[in-house]
Every structure is written in C-alpha cells, then in structure tokens.
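Here is a structure to question. Each term in the answers is set against its cut-off.

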Amino acid sequence: MAKKRPQTKAKRPQLDYAEVPVVGAREPCPCGSGRRYKACHGRTAAQATTALVQRPFEGLAGECDWVALRELVPAATVELTLRDGLPEGVPSVTLATVLPMAWPALRRDDGSVLLGLQNDTASGDISRDLADTLARALTAAPGTPVQGRRAPADGPRLQDLLAPEGAFEPEVHSGFEFWVPDPENATPDVTASLERANAAAIPTVRLEGVDAAYWCETPDKNHLRWVMPHDEERLLDALARLHAAGRSSLGEGTRLVGSFRAHGLTVPVWDLPSEVTAQDVEKPAAEFAERLAEALATDAPLTHEERRARGGLTNRQVTLS
C-alpha cells in the first residue's frame, strides 16, 4: 500500500489590521480566517474605538476651559486656530458649546465652520470624534450641518489638527444668538430651538483674574465652579488643608461644598449667597489661588482634622464624565 503523503496547509497571508476593510459584523472577515468579522478583526476595531480616554483634551491649549465648556457652561464660543491654517473658502473655525438642533457641526453659508462641543460621541475618545467632525465640516457644502458618526480608530485627534500654541479664549454669551448671523430670517426650526435654548441657559460669567473659573446664577444661590489642572489626589489634600484651617471660603457666606470630576480633572465648587456677583468673587478667588499654591507645595502628612476634611470633600465628589 502506497504511503500517504503528509498533508500540509498553506499559510494564510498575514494582513495588517489597517489593511482589513470594515464589513458587516456578521459577514466573513476579509482577512480569510473563516470567522465572522465581529469575532475577528472587528473585535479589535471595536475595542480601539470604545476604549475610554480619561483626559481627551490633555495637551490642548486651555484644557481646563475645554472641560468647562463641555460640561458646565451653557453658551460660549472660542475661535480655533488650525495647525495647517484655514483651508481656502473657510474664513474661520469657531468652537461652540452647543449648536441648533444639537448638530455636531455646521458649515455656514459664508463658508465658516461652527463645531459643537456638547454632543454625544460614538467612541471613548471625545477628541478623536470632534476632530473627525471638524475635518468633515471643513469640506462640507456651505449652508449644511454635519452629522455625527464614529470616528475611525486611526483618525486624527484635535491635538493633531489644532495649533498647539494657539490661544484659547472663551467668550461666554447670555444666549445663543451667535447661532445665526440674522435671527430674524432664521428658519422656524432654528428659531424654536433658539428660544428653547435661551430659556434654559443659566447666567454664567468667566472670571478674569484666574483661569477656568465660572460664576453661575441659580434661583436659590449662586455658585463658583473652577476647573483645576492639578493632580486629583494632591489637589484634594491641598483643599483639605485649607478647609480644616478655615481658609477654603471665598468670603463671608461662601462655602466650599465639594467637587466634580470631569474628563480627568477636578472641579471644586463653592456655594455663594444670591447677592454675590461674579465681580464680587474676583479678588477672593485670586487670593484663594495664592493660598492653594502654598497648600499644594506642602508635603507634610495630613493631620487628623485634615483627613476628616478630605473625607468630607471626597464624599461630596460627583463624577460628570
């Protein structure tokens, strides 16, 4: 009996992940593995787009203000500077907290671009999703909105598109009239959206003497919400030192009540009496910044009173994102 020849299997070509096209989740994977796309290369692609980036705005000029405009400020705009300059036919690019109809972006009739910041994003990297929306808005037809989508896992981020040295200077507005150059000639849908947005907007003012601190007015009391760039643990220690020493307030009737956690940064919050205006807290906030700098420079272990104060602050911390 003749001997059987050993069977050898030809090796399948090894494809780089970037070379595998995206297909339907239940279709055979184009790499030739025989498995469905969702169980093969699609799994890696999904993981890449859903992995949460804790500090999506890190490395951008004005990171703290990016966080504030994303989570705290109703109506504000910022002129953005692109790394490679403005494309032909695009006179300006403006970041806005929110746009009419919750559009992710809008290419105006004059070619200018408005990029909305307070939108749901499809992946775990807000920066990549915003960059994808911005890139598509720059080439969209004038007079059209840009819809959201999940950005490619290997697409650029805002850090790649924006000039690193560009200034980030938010302008806070009392309403959303910046949406349209001529509100009287806006479409009924946009007019209705503008009226609803204006009615819901909380009066907000950005302080001038310190960075990324925002005063806001509510019916019962006012607040100061201050986005800070410091390491969270070190900042909480410093706040606890000041709180235990009775030096954490911003004047009579004010009180440090806790903090938010947003996009990898900590946002201390003060309650203010309803009669205290943004101008009233300018000087106290600047003085607090000096006290905080001293407390941040201290490495001594927390005392019993300071640990109790830190525990209280931590218990009143709320995570926004």
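Q: How are the axes of helices defined, and how do their angles run?
A: Axes are lines fitted to C-alpha atoms, for helices over the stretch in contact, and angles run from 0 to 180 degrees between N-to-C directions. The model used here is predicted.

Q: What makes H6 roughly perpendicular to H7?
A: The axes of H6 (residues 232-244) and H7 (residues 282-296) cross at roughly 115° and come within 9 Å. Angles from 65 to 115 degrees count as roughly perpendicular. Therefore H6 is called roughly perpendicular to H7. The crossing in which H6 passes H7 is right-handed.

Q: Which residues of H6 meet which residues of H7?
A: Contact means heavy atoms within 4.5 Å. From H6, the residues are Arg234, Leu235, Ala238, Leu239, Arg241 and Leu242. They meet Phe288, Arg291, Leu292, Ala295 and Leu296 in H7.

Q: Which strands does helix H6 lie across?
A: H6 lies across S10 (255-262), S11 (265-272) and S12. Its angle to S11 is about 25°.

Q: What makes S7 and S12 edge strands?
A: Each pairs on one side only. Their sheet is open, has six strands and mixed pairing, and follows the order S7-S8-S9-S11-S10-S12. S7 covers 204-206 and S12 covers 317-319. Neighbouring strands of this sheet are turned by 25° against each other on average, direction ignored.

Q: How do you know that S7 and S8 pair?
A: Two strands pair if DSSP finds at least two bridges between them. S7 and S8 (residues 213-217) have three bridges, in the antiparallel sense. Val205 stands opposite Trp215 in S8.

Q: What is the strand order of the sheet that holds S5 and S6?
A: The order is S5-S3-S4-S2-S1-S6, in an open sheet of six strands with mixed pairing. S5 (144-146) and S6 (171-172) are the edge strands, since each pairs on one side only.

Q: In which sense does S2 pair with S1, and in which sense with S4?
A: S1 (residues 76-79) and S2 pair in the antiparallel sense over three bridges. Glu79 stands opposite Thr94 in S2, and Val78 has Leu95 as its bridge partner. S2 and S4 (residues 113-116) pair in the parallel sense over four bridges. There, Val93 stands opposite Val113.

Q: Which way do the residues of S2 point?
A: Val93 and Leu95 point one way, Thr94 and Ala96 the other way. All are buried. In a regular strand the side chains alternate between the two faces of the sheet.

Q: Which strands does helix H3 lie across?
A: H3 (residues 126-139) lies across S2, S3 (105-107), S4 and S5. H3 runs at about 160° to S4.

Q: Why is H2 called largely enclosed by the rest of the structure?
A: Because eight of the nine residues of H2 (residues 63-71) are buried. They are Glu63, Cys64, Asp65, Trp66, Val67, Ala68, Leu69 and Arg70.

Q: Why do Cys29 and Cys216 count as buried?
A: Buried means under 20% relative accessible area. Cys29 has 5% relative accessibility, so Cys29 counts as buried. Cys216 has 2%, so Cys216 counts as buried too.

Q: How many disulfides does a search of the whole structure find?
A: Zero. A disulfide needs a pair of cysteine sulfur atoms within 2.5 Å.

Q: How many helices and strands are in the protein?
A: Eight helices and 12 strands. Buried residues make up 45% of the 321 residues.

Notes
Residues are numbered from 1 along each chain as its sequence is written. This is a predicted model: local features need pLDDT of at least 70, side-chain atom pairs count only at pLDDT 80 or more; totals for chains, interfaces and linings use all residues. Side-chain values use heavy atoms; hydrogens and water are left out. Helices (H or I, at least four residues) and strands (E, at least two) are DSSP runs, numbered from the N terminus. Buried means under 20% relative accessible area, exposed over 50%, partly exposed in between (1.4 Å probe, protein chains only). Angles under 35 degrees count as roughly parallel, over 145 as roughly antiparallel, 65 to 115 as roughly perpendicular and the rest as oblique. A crossing is left-handed if the near helix is turned anticlockwise from the far one by less than a right angle, and right-handed if clockwise.
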